[in-house]
Amino acid sequence: MSSPLRLAGRLALVTGATRGIGRAVALAYAKEGAHLILVGRTAGALEEVDDEIRALGGNATLLTLDLKNRDKIDALGPTIYQRWEKLDILVGNAGILGPLSPLGHVTADAWDEVLNVNLTANWRLIRTLDPLLRRSDAGRAIFVSSGAAVSRAAYWGPYSVSKAGLEALVVTYAREVENTPVRANLINPGPTRTNMRAKAFPGENAASLKTPESIAPTFVKLAEAACTDNGKIFDLKTGDVR
């Protein structure tokens, strides 16, 4: 007898869903019975993930969206409400690396882009989707952090600042929803075989890194209605929770 699907009937929105961690999480959610709202910048890449989900017997709604488009993010809440009236799971995964250079050499445009995509867009997602998560019997918000949030290494300024800000944002949100059905947490995946990792460490042997698929189970666990964790940061490299 097969075990029941852990996310059966749940509606999950995943940003950055076309590759890497976002794609792995979307597929894992589909296998557990969730309906996916896939968010990505290119329609073709979204369609490829949609094909994979359909091959698993799942279904998805595709949303082509650049997270620098603030008005389109703000419209997400009303749009989803009109069709589903609630949202069960939000995964804020999309992010960019930005320049790895001395702070004095970072252009204003590059700084703004990293902060907009990695931090401000996630605040806008919370702002527009919080009412829908509260309408769920167990709203779950999961965001992707990085060791850079605490290591604060030289030349990683924009990215480190954006991820440190994201941690502060999500933990603050968790405190605000602790008396509601909503729970909000962060995952620091640690070194993972993604395009962003390859860009940051071009000489690294990618085969030595864990795959995005290997960390997807943690995203499933935190998305379940039974999850009671709130305002926590799960470090998948060390196993620590803070």
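**Entry 1: the nonpolar cores**

I looked up the largest nonpolar core of this predicted model. I found that it holds 32 residues. Leu 13, Ile 80, Leu 87, Leu 90, Leu 129, Phe 143 and Tyr 173 have the most contacts inside it.

I then asked which elements give two or more residues to this core. Among the strands I noted strand 1 (11-15), strand 2 (35-40), strand 5 (140-144) and strand 6 (183-188). Among the helices I noted helix 4 (76-84), helix 5 (108-135) and helix 7 (157-176). Helix 5 supplies the largest share, eight residues.

I also recorded a second, separate core of 31 residues. Ala 12, Val 14, Val 144 and Ile 215 are included in this second core.

I chose Ile 80 for a closer look and listed its contacts, leaving out residues up to four places away in sequence. Ile 80 touches Leu 11, Leu 13, Ile 37, Glu 85, Lys 86, Leu 129 and Leu 132. Of these, Leu 13 and Leu 129 are also named with Ile 80 among the residues with the most contacts inside the largest core.

**Entry 2: helix 5 against helix 7**

Next I examined how helix 5 and helix 7 pack. Their axes are 8 Å apart, and the angle between them is about 15°. Because angles under 35 degrees count as roughly parallel, I entered helix 5 as roughly parallel to helix 7. The crossing is right-handed.

I then listed the residues that make the contact. From helix 5 they are Trp 111, Val 114, Leu 115, Asn 118, Leu 119, Asn 122, Trp 123, Ile 126, Asp 130, Leu 133 and Arg 134. From helix 7 they are Gly 157, Pro 158, Tyr 159, Val 161, Ser 162, Gly 165, Leu 166, Leu 169, Tyr 173 and Glu 176. I sorted the residues of this contact into 13 nonpolar, five polar and three charged.

**Entry 3: helix 1 and its two partners**

I turned to helix 1 (residues 20-31) and helix 2 (residues 43-55), whose axes come within 9 Å and cross at roughly 25°. That angle makes helix 1 roughly parallel to helix 2. I recorded this crossing as right-handed. Arg 23, Ala 26, Leu 27 and Ala 30 of helix 1 make the contact with Val 49, Glu 52 and Ile 53 of helix 2. The contact residues comprise five nonpolar, no polar and two charged.

How does helix 1 lie relative to helix 9 (residues 212-223)? I found an angle of about 55° and axes 8 Å apart. Helix 1 is therefore oblique to helix 9. This crossing, too, I entered as right-handed.

On the helix 1 side I noted Gly 20, Ile 21, Arg 23, Ala 24, Val 25, Ala 28 and Tyr 29. They meet Pro 212, Glu 213, Ile 215, Ala 216, Phe 219, Val 220 and Ala 223 in helix 9. The residues of this contact divide into 11 nonpolar, one polar and two charged. I noted that Arg 23 appears in the contact with helix 2 and also in the contact with helix 9. Ile 215, which meets helix 1 here, is listed in the second core as well.

**Entry 4: Arg 10 and Asp 137**

Is Arg 10, in the segment before strand 1, buried or exposed? I found a relative accessible area of 11%; since buried means under 20%, Arg 10 is buried. Leaving aside its neighbours within four places in sequence, I listed its contacts as Gly 33, Ala 34, His 35, Asp 88, Ile 89, Ser 136, Asp 137, Ala 138 and Ala 225.

One of these contacts, Asp 137, I looked up in turn. Asp 137 is in the loop between helix 5 and strand 5. It counts as exposed, at 56% relative accessibility. Not counting residues up to four places away in sequence, Asp 137 touches Arg 10, Asp 88 and Pro 181. I also checked Asp 137 against Ile 37: they are 100 residues apart in sequence and 19 Å apart in space, C-alpha to C-alpha.

**Entry 5: two residues with positive phi**

Finally, I looked up two residues in the loop between helix 6 (148-151) and helix 7. Arg 152 is not a glycine, yet its phi is positive, about 50°. With 60% relative accessibility, Arg 152 counts as exposed. Tyr 155 is not a glycine either, and its positive phi is about 75°.

Technical notes
Residues numbered from 1 in each chain as written. Predicted model: local features only at pLDDT ≥ 70, side-chain atom pairs only at ≥ 80, totals over all residues. Heavy atoms only, no water. Axes fitted to C-alpha atoms, helices over the stretch in contact; angles between N-to-C directions. Helix = DSSP H or I, 4+ residues; strand = E, 2+ residues; numbered from the N terminus. Parallel < 35°, antiparallel > 145°, perpendicular 65-115°, else oblique. Left-handed = near helix turned anticlockwise from the far one by under 90°. Contact = heavy atoms within 4.5 Å. Nonpolar A, V, L, I, M, F, W, Y, C, P; charged D, E, K, R; others polar. Core = buried A, V, L, I, M, F, W, Y, C linked by side-chain atoms within 4.5 Å. Buried < 20%, exposed > 50% of the residue type's maximum accessible area, 1.4 Å probe, protein only.
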